[in-house]
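Q: I should like to learn how to read the features of a protein model. Could you take me through them step by step?

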Amino acid sequence: MDVAKVALLGIVGVLTGLLFKSGKQEYGTFIGIAAAILIFSYAGAYLGQMKDAVSAFGSRLSGSGEYLGILFKVVGITWLSEFCAGLCRDAGFSSIAAQVELFGKTAVLLAGMPVFLSLIETIAGFMG
């Protein structure tokens, strides 16, 4: 049922935004941003449920808590940077969108560094 609500919210947001595109373009942009934020909040609620389910699964695995935390951080960074870049691109600011995406990619690389270092240590342990 929530999927139907989100789909309907998206359609209403787009149609309302299109009504304002011909006259007051900034209102259409604001309506689009508001609809996107509402849809993103629905996705955030589902992400919280997903985190609880994966954390319950991860508690059964030994030593996976750190890696699951990194996984959630990376997924959050990716979704948030893509969402913000999409909003910037829709508002006509492609250069800012590109910078947000670049920062998101850099943040993902930095957040995943402990996994990479652990992998290097494991390989070094096998080699000698």
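A: The turns below treat the pocket, the salt bridge, the cysteines and the annotated spans of this predicted model.

Q: How is empty space found, and what volume does the largest pocket have?

A: Rolling a probe the size of a water molecule over the atoms shows where empty space is left. In this structure, the largest pocket has a volume of about 280 Å³. Its lining is made up of 15 residues, and those closest to the centre of the pocket are V14, G28, G32, I33 and D90.

Q: Which elements give two or more residues to the lining of the largest pocket?

A: They are helix 1 (2-21), helix 2 (25-58) and helix 3 (65-90). Helix 2 supplies the largest share, namely 7 residues.

Q: How do the residues of that lining divide into nonpolar, polar and charged?

A: The lining of the largest pocket holds 7 nonpolar, 6 polar and 2 charged residues.

Q: I turn now to salt bridges. How many does the structure hold, and which side chains meet?

A: To read a salt bridge, one looks for a side-chain nitrogen of Lys or Arg within 4 Å of a carboxyl oxygen of Asp or Glu. The structure holds 1 salt bridge. In it, the side chains of R89 and E101 meet, with 3.0 Å from N to O.

Q: Why does this pair tie together parts that are apart in sequence?

A: R89 belongs to helix 3 and E101 to helix 4 (residues 94-111), so the pair links parts that are 12 residues apart in sequence. R89 is partly exposed, its relative accessible area being 39%.

Q: What does a search for disulfides find?

A: A disulfide is a covalent bond between the sulfur atoms of two cysteines. A search of the whole structure finds 0 disulfides. For C84, the nearest cysteine sulfur is that of C88, 6.6 Å away. A disulfide requires the two sulfur atoms to be within 2.5 Å, and C84 is in no disulfide. C88 is likewise in no disulfide. C84 counts as partly exposed, at 30% relative accessibility.

Q: Where does UniProt place the feature "transmembrane region"?

A: An annotation of this kind comes from a record and can be set beside the model. The unreviewed UniProt entry places the feature at residues 6-23, 30-47, 67-88 and 108-127.

Q: How much helix is there over residues 6-23 and over residues 30-47?

A: Residues 6-23 are 89% helix and 0% strand, and their end C-alpha atoms are 27 Å apart. Residues 30-47 are 100% helix and 0% strand, with end C-alpha atoms 25 Å apart.

How values were computed:
Residues are numbered from 1 along each chain as its sequence is written. This is a predicted model: local features need pLDDT of at least 70, side-chain atom pairs count only at pLDDT 80 or more; totals for chains, interfaces and linings use all residues. Side-chain values use heavy atoms; hydrogens and water are left out. On a 1 Å grid over the protein atoms alone, a cavity is a set of points where a 1.4 Å probe fits but cannot get out, and a pocket is an open set with protein on both sides within 12 Å along at least five of seven lines; lining residues have an atom within 4 Å of a point. Grid points are joined across faces, edges and corners, and a volume is the space filled by probe spheres set on the points. Helices (H or I, at least four residues) and strands (E, at least two) are DSSP runs, numbered from the N terminus. Ala, Val, Leu, Ile, Met, Phe, Trp, Tyr, Cys and Pro count as nonpolar, Asp, Glu, Lys and Arg as charged, and the others, Gly among them, as polar. Buried means under 20% relative accessible area, exposed over 50%, partly exposed in between (1.4 Å probe, protein chains only). UniProt positions are given in the numbering used here, feature names are shortened, and annotations may be inferred rather than shown by experiment.
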